[in-house]
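Visitor: I've got the model open and a few questions ready. Could you walk me through it?

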Amino acid sequence: MDLLSTLQIALRALLRNKMRSILTMLGIIIGVGAVIAMIGIGQGADQTVQKQIATLGSNMLFISSGSATGGGLRMGNGSTKTLLEADIVAITRECPAVVAAAPGVQTSAQIVYEGDNWGTRVVGTTPEYFDIRTWDFASGTSFTRDDVTNAANVAVIGETVRKNLFPSTEAVGKKIRIGNLPFLVVGVLIAKGQSAALSEDQDDTIIAPLTTVQKKMTGQPWLRFAMVSASSRSSSYVAQQQIKALLRDRHRIRAGQPDDFAVRNLADIADVASEASKVMTVLLGSIGGVSLFVGGLGIMNIMLVSVTERTREIGIRIAIGATEGDVQKQFLLEAIAISLLGGVIGILTGVGASFIISSTAGWPIAVSTTAILIAALVSIAIGIFFGYYPAQKAARLDPIEALRYE
Amino acid sequence: MMETSVDAVASPVSGRHANESVLRVEELHKYYQMGDNKVHALRGVNVEINRGEFVAIMGASGSGKSTFMNILGCLDKPSAGRYLLEGIDVAGLDKTQLAGIRNRKIGFVFQGFNLLSRTTALENTELPTLYARLDKEERRARALESLRLVGLAERTDHFPSQLSGGQQQRVAIARALVNRPSILLADEPTGNLDSRTSVEVMEIFQTLNDQGLTIILVTHETDIANFARRSIVFRDGTIRRDEMIPRRSVAAELIKTMPTLED
């Protein structure tokens with residue numbers, strides 16, 4: 001029998017038991033829908049994380065003092081006092097892969113403006129900091145190199161600080177107090193938002209010249225961290241190696257001794273985050289895969305019931321000249337039709353679900369066409385795999401027995 | 001696959017020569033294994049049926065007539081002996097070739113009609129042409145012609161549930177004829193029908209036979225067997241009697257004497 005007639009017969013058989021066909025399809029619909037939605041969500045989350053990491057700065061490396069990695073618990077306080085401004089100057093001068101570097105110290109303080117006050121993170125650094133982090137100004141400008149040299153009482157505030165202290169007035173040019181010291185606001189930064197990688201509100205900060213913070217607030221001459229910009233994303237790993245070698249040399253760390261600093265590469269952080277979301281995607285995808293398998297078993301079950309129910313029909317068909325192949329093709333096509341139709345509905349459901357979830361979570365929508373294509377092929381494969389045995393059973397029926405079947 | 005005896009003749013049953021062997025069986029045996037028991041259903045059957053014959057096969061249940069029919073219909077294979085259908089030894093054919101024989105050389109009519117439900121008379125009739133891989137127009141034309149032959153040209157779009165028993169059996173006959181078979185095998189075709197409808201069905205058989213179609217009819221009712229020209233009686237797996245029927249009933253005349261049942 002030709003394929004078109006067989007397909008017609010198969011579809012008619014499915015329409016004859018609409019409720020049953022839909023219920024059978026449901027397993028595939030849920031399975032395919034889950035896989036598509038989960039992969040879509042996983043990829044959407046990954047893109048979000050990557051975008052957030054990119055907001056930290058371009059080709060950025062992060063040097064921190066002390067035992068920032070490895071020991072874990074020893075982190076805090078900047079337990080080593082060995083990272084100095086001279087190191088950062090040396091890095092800029094001697095590491096070819098490094099474009100710019102900004103030293104940094106950090107403390108926290110209460111900021112007061114007229115009647116309002118707000119506790120925040122105070123970062124002391126140099127003007128390069130804003131370039132390295134590709135951070136633009138909403139209003140005003142950065143402080144200058146001279147301000148750093150003179151330890152001037154000037155500050156740049158983040159969006160969160162501005163919102164809390166200057167909800168309706170212009171901040172630039174205003175006098176604030178950081179702790180007990182009076183400062184002049186020279187610039188307001190544009191909002192960068194929450195950072196997933198550093199799990200902090202990047203805008204909840206106030207940035208002042210390095211020397212001002214060191215001399216007038218912390219009283220500590222060493223650095224807490226430094227931000228370094230590599231010449232390109234691909235060279236950031238090279239830069240990392242160069243910085244490590246230089247700092248170990250400058251700090252006179254013998255071979256075999258652990259670093260007294262840590263260099264984190266933003267590309268590494270991005271890779272870790274992306275690895276994590278990949279694991280999530282695989283995990284969620286396999287849950288969908290399991291439901292697909294269960295859906296396939298449902299098809300097999302219903303097809304076996306259908307073969308038994310239609311034993312007489314099969315007997316008639318064989319008696320009037322259907323070959324084993326004809327009967328097998330008919331039932332196989334029926335199974336494929338169920339699972340493919342279920343797959344198509346599942347794809348639509350999955351795409352719809354990912355749209356809803358990503359719009360509620362505020363993630364970019366990432367419906368991958370590869371996932372859709374694979375889902376369609378997988379549903380056909382499920383139809384063939386789980387339909388084969390029932391179809392085989394139908395084709396092998398003894399026509400005499402089948403015709404006698406009540 | 002095999003040469004078809006269907007020629008380009010308009011009528012599905014005409015244009016054939018009498019006194020030419022359509023089927024011949026020689027020393028046919030059939031054993032069944034039923035648990036530990038070996039059942040010997042056919043014990044050496046020899047018979048030859050020529051083209052244009054109308055043979056009634058009779059016998060009590062267990063006489064072997066159903067087994068014989070199943071073998072003639074290529075639904076079952078003999079354990080021993082030869083079965084030649086139009087000169088072809090059926091024992092040497094594989095499953096696909098047997099399906100082809102059932103499709104093109106044999107027309108089946110069953111006691112229970114065995115039509116596909118929720119499928120129209122026309123589609124039911126068309127079914128064997130699908131397996132014969134004829135093209136769409138040819139299929140439609142043959143099915144319509146067959147239905148016309150059994151007097152159901154007006155009922156093509158009816159479902160089996162909308163047809164009377166006699167009409168359903170006529171659809172089944174149309175389906176059996178659609179591929180222009182060499183023989184028509186009818187297994188208790190009147191078993192589910194009232195007496196008037198039975199005679200109507202026999203009238204169709206006699207008409208088809210008069211046009212040259214070979215018909216083999218299995219029945220246990222003597223008055224139905226009397227519509228045939230030759231009767232073969234089975235008992236205990238062998239042919240007990242094989243004779244021509246001297247004064248056969250003519251359905252077309254008999255039906256005039258029967259009252260029309262109105263309800």
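**A walk through the predicted model**

Guide: Keep in mind that this is a predicted model. In chain B, 4 strands make an open sheet with antiparallel pairing, and their order is 2-1-4-5.

Visitor: Which strands of that chain B sheet stand at the edges?

Guide: Look for strands with a single partner strand, because one side of each is then left without a neighbour in the sheet. In chain B that applies to strand 2 (37-50) and strand 5 (88-89).

Visitor: And which residue is the bridge partner of B:Met34?

Guide: Strand 1 of chain B covers residues 21-34 and pairs with strand 2 of chain B in the antiparallel sense, over 11 bridges. Within strand 2 of chain B, the partner you're after is B:Asn37.

Visitor: Over in chain A, which residue of strand 12 does A:Ile63 stand opposite?

Guide: Strand 1 (residues 60-65) and strand 12 of chain A are an antiparallel pair with 5 bridges. Side chains alternate along strand 12 (residues 261-265): A:Ala262 and A:Arg264 point to one face and are not buried, while A:Phe261, A:Val263 and A:Asn265 point to the other and are buried. The residue opposite A:Ile63 is one of the buried ones, namely A:Val263.

Visitor: Which element gives the largest share of the side of chain B that touches chain A?

Guide: The contact involves 22 residues of chain B and 16 residues of chain A. On the chain B side, the elements giving two or more residues are helix 2 (95-104) and helix 3 (121-131). By class, that side has 10 nonpolar, 5 polar and 7 charged residues. The largest share, 7 residues, comes from helix 2 of chain B.

Visitor: What about the largest nonpolar core: which element gives the largest share of it?

Guide: That core has 176 residues, and A:Leu61, A:Ala155, A:Val228 and B:Ile57 have the most contacts inside it. A:Ala155, for one, touches residues including A:Ile178, A:Phe183 and A:Ile206. The largest share of the core is 14 residues, given by chain A's helix 2 (residues 18-55).

Visitor: Is A:Arg252 buried or exposed?

Guide: A:Arg252 sits in the loop between helix 8 (236-250) and strand 12 of chain A, and its phi is near 50 degrees, positive although the residue isn't glycine. It has 8 C-beta neighbours inside 10 Å, so it counts as exposed.

Visitor: And B:Asn114, buried or exposed?

Guide: B:Asn114 also has a positive phi without being glycine, near 55 degrees, and lies in the loop between strand 6 (106-109) and helix 3 of chain B. With 21 other C-beta atoms within 10 Å, B:Asn114 is buried.

Key:
Residues numbered from 1 in each chain as written. Chains lettered and ligands numbered in written order. Predicted model: local features only at pLDDT ≥ 70, side-chain atom pairs only at ≥ 80, totals over all residues. Pairing = 2+ DSSP bridges. Buried ≥ 20, exposed ≤ 12 C-beta atoms within 10 Å, placed from the backbone. Contact = placed C-beta atoms within 7 Å. Nonpolar A, V, L, I, M, F, W, Y, C, P; charged D, E, K, R; others polar. Core = buried A, V, L, I, M, F, W, Y, C linked by C-beta atoms within 7 Å. Lists of a residue's contacts leave out its neighbours within four places in sequence.
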